[in-house]
Amino acid sequence: MKQHGRFALLIGILALGLAVGVGGTAWAKSKKKAVEEKPVEPPKPVWPSPLDPGLFDSVFKELPFGKERGTFLDALKALFEEQLKPVLRATLDPRERDILKGKMDKTFEDVKNSYVEFAGKGSSYAVSVISGEFAESAGEALYKYVWSNNAAYFFFSGNVLWKLFICSQTEADYPGLLVKLATRYGDPLEIQYRDEEKTQPMRAVWRDTTFELVVEPPEGIFVCSRLRWEFLPARAAVEQMRKTASDKGAGGTATDDILKDIQEDNTGNDPNVLDKIIEKKKQKDQK
């Protein structure tokens, strides 16, 4: 009986050890699996970004991307004033200083007065260099700043700044513009060419965790090079708002409806199609 009792005890101990061992192994595997399946957090935006638009032109230095319109306007006015300081220091005539200050104030007021909301009612931007840069009825708007032969468009979605688009005519040589940008931002991550010999670049892309910068040459009737900074932390929200608008039967780029009308009129191959697009747009605006 004693031996039988010892044997039963031994069996019990072995069974307990086996259960603990199996349970421990399962627990270890479960823990390892949980570690392996933990989602990897995307890299956080860097501020100021190595791709900051201010490196291209100091008037756009550290714009408040992701912030609301009032903050943007305050920051832009401060940047204008900063640009004017060295000019004022070099100007001894008080009257001339007042004139310069007045011009700066006028420029800033022009920016404020340029505000447009894309509420589905059509706008003067329906046929323009930025016609594909916004969606109607998706909570989007912009301010415009013009200087020399250039224009900057500050795009907002849900009342926050998310994109800067510059139409630049200061560089007639597009490859030369890419070289200038490479000296400021390093080599682009991507370059697309029009030809197999890779002598005619048509699109260059820079990207970090804060911005995606896309640069394209003049095309068609638009004679400026196009530079587009998108604030990546805001992109998902913009896309969601556009999808929501689209699901409701709104949204789409500004020219979608007009182009659809043109196509339905079977004028898609007409050499005067641009004139007809503009005429369609005028007719819609008059309704």
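Q: Are Cys167 and Cys224 buried or exposed in this predicted model?
A: The structure is a predicted model. The cut-off for a buried residue is a relative accessible area under 20%. Cys167 falls in that class, and Cys224 does too. The class of both residues is therefore buried.

Q: How far apart are the sulfur atoms of Cys167 and Cys224?
A: A disulfide is a covalent bond between the sulfur atoms of two cysteines. The search of the whole structure returns 1 disulfide. Cys167 and Cys224 form a disulfide, and the distance between their sulfur atoms is 1.9 Å.

Q: Which handedness does the link of Cys167 and Cys224 have?
A: Cys167 and Cys224 are joined in a disulfide. The angle about the S-S bond is -105 degrees, and the link is left-handed.

Q: How many residues apart are Cys167 and Cys224, and where do they lie?
A: Cys167 and Cys224 make a disulfide. This pair joins distant parts of the chain. Cys167 sits in strand 4 (residues 160-168), while Cys224 sits in the loop between strand 7 and strand 8 (225-231), at a separation of 57 residues.

Q: Where is Asp208 found?
A: Two strands flank Asp208. These are strand 6 (201-207) and strand 7 (211-216), and Asp208 is in the loop between them.

Q: What is the nearest side chain of opposite charge to Asp208, and how far away is it?
A: Asp208 is buried and takes part in no salt bridge. A salt bridge needs a side-chain nitrogen of Lys or Arg within 4 Å of a carboxyl oxygen of Asp or Glu. The nearest side chain of opposite charge is that of Arg207, at 8.2 Å.

Q: Which backbone nitrogens does the side chain of Asp208 reach?
A: A polar atom of the Asp208 side chain lies 2.8 Å from the backbone nitrogen of Thr210. The same side chain also reaches a second backbone nitrogen at 2.7 Å, that of Phe211. The nitrogens belong to Thr210 and Phe211.

Q: Which residues is Asp208 in contact with, leaving aside its neighbours within four places in sequence?
A: Asp208 itself lies in a loop. Once the neighbours within four places are set aside, its contacts are Ser49, Pro50, Leu51 and Leu232.

Q: Which residue forms a salt bridge with Glu216, and how far apart are the closest N and O atoms?
A: Glu216 is in strand 7 and its partner is in strand 6, with their positions 13 residues apart in the chain. Glu216 is buried at 16% relative accessible area, whereas the partner, Arg203, is partly exposed at 24%. The salt bridge is with Arg203, and the closest N and O atoms are separated by 3.7 Å.

Q: Which residues are linked with Arg203 and Glu216 in a network of salt bridges?
A: The whole count comes to 16 salt bridges. The pair of Glu216 and Arg203 is one of them. The network that holds this pair also includes Glu133, Lys163, Glu219, Arg226 and Arg228.

Q: What is the N to O distance in the salt bridge of Arg235 and Glu230?
A: Arg235 is partly exposed, with 24% relative accessible area. Glu230 is buried, at 13%. Their side chains meet in a salt bridge with an N to O distance of 2.8 Å.

Q: Why are Lys243 and Asp247 separated by about one helical turn?
A: Lys243 and Asp247 form a salt bridge with closest N and O atoms 3.0 Å apart. Lys243 is partly exposed at 47% relative accessibility, and Asp247 is exposed at 56%. The separation is about one helical turn because both residues lie in helix 5 (residues 232-247), at a spacing of 4 residues.

Q: Which residue has the backbone oxygen that lies 2.9 Å from a polar atom of the side chain of Ser128?
A: Ser128 is in the loop between strand 1 (116-117) and strand 2 (140-147). Its relative accessibility is 13%, so Ser128 counts as buried. The backbone oxygen at 2.9 Å from its side chain belongs to Tyr125.

Q: What distance separates the C-alpha atoms of Ser137 and Phe118?
A: Ser137 is in the loop between strand 1 and strand 2 and is partly exposed, at 34% relative accessible area. Ser137 and Phe118 are 19 residues apart along the chain, and their C-alpha atoms are separated by 6.1 Å.

Q: What percentage of the residues of the protein count as buried?
A: The protein has 7 helices and 8 strands. Its accessible surface is about 17700 Å², with 54% belonging to carbon and sulfur atoms. Of the 287 residues, the buried part is 33%.

Terms used:
Residues are numbered from 1 along each chain as its sequence is written. This is a predicted model: local features need pLDDT of at least 70, side-chain atom pairs count only at pLDDT 80 or more; totals for chains, interfaces and linings use all residues. Side-chain values use heavy atoms; hydrogens and water are left out. Buried means under 20% relative accessible area, exposed over 50%, partly exposed in between (1.4 Å probe, protein chains only). Lys and Arg count as positive and Asp and Glu as negative; His and the chain ends are not counted. A polar contact is a pair of N or O atoms within 3.5 Å; within protein, one must be able to donate a hydrogen and the other to accept it, and residues adjacent in sequence count only if both atoms are side-chain atoms. Contact means heavy atoms within 4.5 Å. Accessible areas come from the Shrake-Rupley method with a 1.4 Å probe; for residues, only the protein chains shown count as cover. A disulfide is a pair of cysteine sulfur atoms within 2.5 Å.
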